[in-house]
Amino acid sequence: MVFSWRRKKAAREKLFKVQELVIPNQFLCPISLDLMKDPVTLSSGITYDRESIETWLEGGNFTCPVTNQVLRSFDQIPNHSLRKMIQDWGVANRNYGVDRIPTPRVPVLGAQVSEVLFSLEDSTKRLNGAGCLELVQKIKKWGNESERNRRCIVANGALSVFAAAFDSFARDSFERNANVLEEILSAMNWMFPIFQHSLDAEVRAHLGSQDSLRCLVWFLKSGDLSVKQDSMIALREIVSLDQKQVEALAAIEEVYEVLFRFIKDPVCPAITKASLMVIFYLVSSPSSTSIKTRSALVEMGLVSLLLEVTIDSERSTSERALGVFDRLCDCEEGREEAYRNALTCPVLVKKILRVSELATQSSVSAIWKLSKYGKKHEENVLVEALQVGLFQKLVLLLQLGCGDETKEKTTELLKLMSPYRDGLECIDSVDFKNLKRSF
């Protein structure tokens with residue numbers, strides 16, 4: 001506690017010193033009004049911080065922010081003399097809490113990226129693992145230097161080239177090409193978010209091929225932690241975009257055991273969440289393969305495992321687990337397992353209005369399916385749900401508002417529970433104020 005207090009005090013003192021220090025106007029970026037770290041000059045003669053002016057230009061602006069004149073060129077010339085003056089000023093005022101300003105790296109150019117990608121395509125055709133490994137590592141190094149470099153790399157088609165290379169080396173041999181496959185997978189991992197779930201057909205075709213999918217499953221079984229995480233994230237991205245890839249992955253029987261193990265014996269929160277999402281897509285498929293998938297996972301004991309995960313996990317994990325549980329209740333085997341587990345009703349009811357809107361939808365939907373499609377268990381489910389407070393929560397849910405589908409299921413559940421209730425005669429008689437406080 002003493003050390004923590006001292007650190008906070010030192011941080012406050014540093015902040016006060018920086019606030020007291022007057023930064024020369026010529027060192028401030030005209031856009032952000034912050035101290036420039038990488039000053040660059042435009043064709044208009046005005047100098048800006050590189051990050052700020054790039055954001056301005058990427059927003060579709062073609063003028064200089066200060067002079068408002070149309071730019072003859074979008075070239076950004078590094079202002080080395082001004083950067084040196086800023087660095088010297090920072091060193092001279094380090095006692096005032098000014099952090100050291102490092103010399104920025106020169107950003108990669110599109111032509112450089114295109115040249116390396118062309119060489120990578122050529123090495124892939126020849127299955128030159130050593131050559132591909134060197135080129136992939138070069139791209140990764142550029143990407144690690146800045147977000148601007150990453151956008152430049154992706155904009156020049158790197159993901160398509162990497163996906164094709166991954167498919168080719170996976171088709172050749174997992175074991176012999178493990179090193180280059182791991183490097184490609186690691187690089188693609190930071191490219192996925194930039195596309196924001198809009199991978200083109202070529203990328204989906206390469207990463208969704210049987211060879212690529214089997215390679216990813218193989219990594220999940222035999223790779224180290226970072227490789228497993230990269231593989232699981234890649235699988236999640238692939239199956240979230242195309243139904244064909246979902247069916248192709250479902251055809252690999254080993255994947256069920258691998259995914260189940262990651263949930264039963266978690267090694268990393270990111271892997272657990274991605275595993276749940278992959279399972280969700282597998283069991284949500286409208287094709288006949290989802291029936292086989294649900295049966296296999298239910299037989300492994302996933303229904304009971306999901307209830308245990310939901311009890312102790314953080315919000316996002318609990319939300320995903322409830323989504324999968326709801327989908328498993330679509331099949332008779334899943335419902336039978338849920339009936340046999342004493343935690344089913346207490347857990348589902350408890351999670352309503354406690355985790356998130358999506359978790360509430362999944363919980364209500366699962367209870368509705370258990371009471372709707374299991375006639376011989378209907379009375380037991382409804383009575384137990386009443387005992388743990390489902391009626392009050394559903395009434396409050398209707399008052400707070402929910403989606404049309406959830407509202408319809410909620411209303412039907414209230415009607416189904418009416419014959420088994422003692423006490424309150426109608427929804428209007430519920431004390432909503434006390435009810436809100438209790439939840």
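This report describes the overall make-up of a predicted model of one protein chain, and then turns to a helix pair, the nonpolar cores and two loop residues.

## The chain as a whole

The chain, which is a predicted model, contains 24 helices and three strands. Of its 439 residues, 47% are buried, and the surface that the chain exposes comes to about 22800 Å², with carbon and sulfur atoms supplying 51% of that area.

When the contacts with a separation of 6 or more are considered, 67% of them join residues that are 24 or more positions apart in the chain.

## A pair of packed helices

Helix 10, which covers residues 210-222, packs against helix 11, which covers residues 225-239, and the axes of the two are 8 Å apart at an angle of about 145 degrees. The crossing of helix 10 and helix 11 is left-handed.

From helix 10, the contact is made by Leu213, Leu216, Phe219 and Leu220, while helix 11 contributes Val227, Lys228, Ser231, Met232, Ala234, Leu235 and Ile238. Sorted by class, the residues in this contact of helix 10 with helix 11 are nine nonpolar, one polar and one charged.

## The nonpolar cores

In soluble globular proteins, nonpolar side chains tend to be buried together. The largest nonpolar core in this model has 108 residues, and those that touch the most other members are Phe162, Phe166, Met188, Met191, Leu249, Leu302 and Phe325. If neighbours within four places in sequence are left aside, Leu249 is in contact with Leu213, Val217, Leu235, Val239, Val255, Val278 and Leu282. Two of these partners of Leu249, namely Leu213 and Leu235, also take part in the contact between helix 10 and helix 11.

Apart from the largest core there is a second, separate core of 16 residues, and Met36, Tyr48, Ile53 and Ile101 are among them.

## Two loop residues with positive phi

Leu33 lies in the loop that runs between helix 1 (2-20) and strand 1 (39-41), and, although Leu33 is not a glycine, its phi is positive, at about 60 degrees. Is Leu33 buried or exposed? Leu33 has a relative accessible area of 60%, and therefore counts as exposed, since the cut-off for that word is over 50%.

Asn68, found in the loop between helix 2 (50-58) and strand 3 (77-78), is likewise not a glycine and has a positive phi of about 65 degrees. Because the relative accessible area of Asn68 is 57%, Asn68 is exposed.

How values were computed. Residues are numbered from 1 along each chain as its sequence is written. This is a predicted model: local features need pLDDT of at least 70, side-chain atom pairs count only at pLDDT 80 or more; totals for chains, interfaces and linings use all residues. Side-chain values use heavy atoms; hydrogens and water are left out. Helices (H or I, at least four residues) and strands (E, at least two) are DSSP runs, numbered from the N terminus. Buried means under 20% relative accessible area, exposed over 50%, partly exposed in between (1.4 Å probe, protein chains only). Contact means heavy atoms within 4.5 Å. Accessible areas come from the Shrake-Rupley method with a 1.4 Å probe; for residues, only the protein chains shown count as cover. Axes are lines fitted to C-alpha atoms, for helices over the stretch in contact, and angles run from 0 to 180 degrees between N-to-C directions. A crossing is left-handed if the near helix is turned anticlockwise from the far one by less than a right angle, and right-handed if clockwise. Ala, Val, Leu, Ile, Met, Phe, Trp, Tyr, Cys and Pro count as nonpolar, Asp, Glu, Lys and Arg as charged, and the others, Gly among them, as polar. A nonpolar core is a set of buried Ala, Val, Leu, Ile, Met, Phe, Trp, Tyr and Cys residues joined through side-chain atoms within 4.5 Å.
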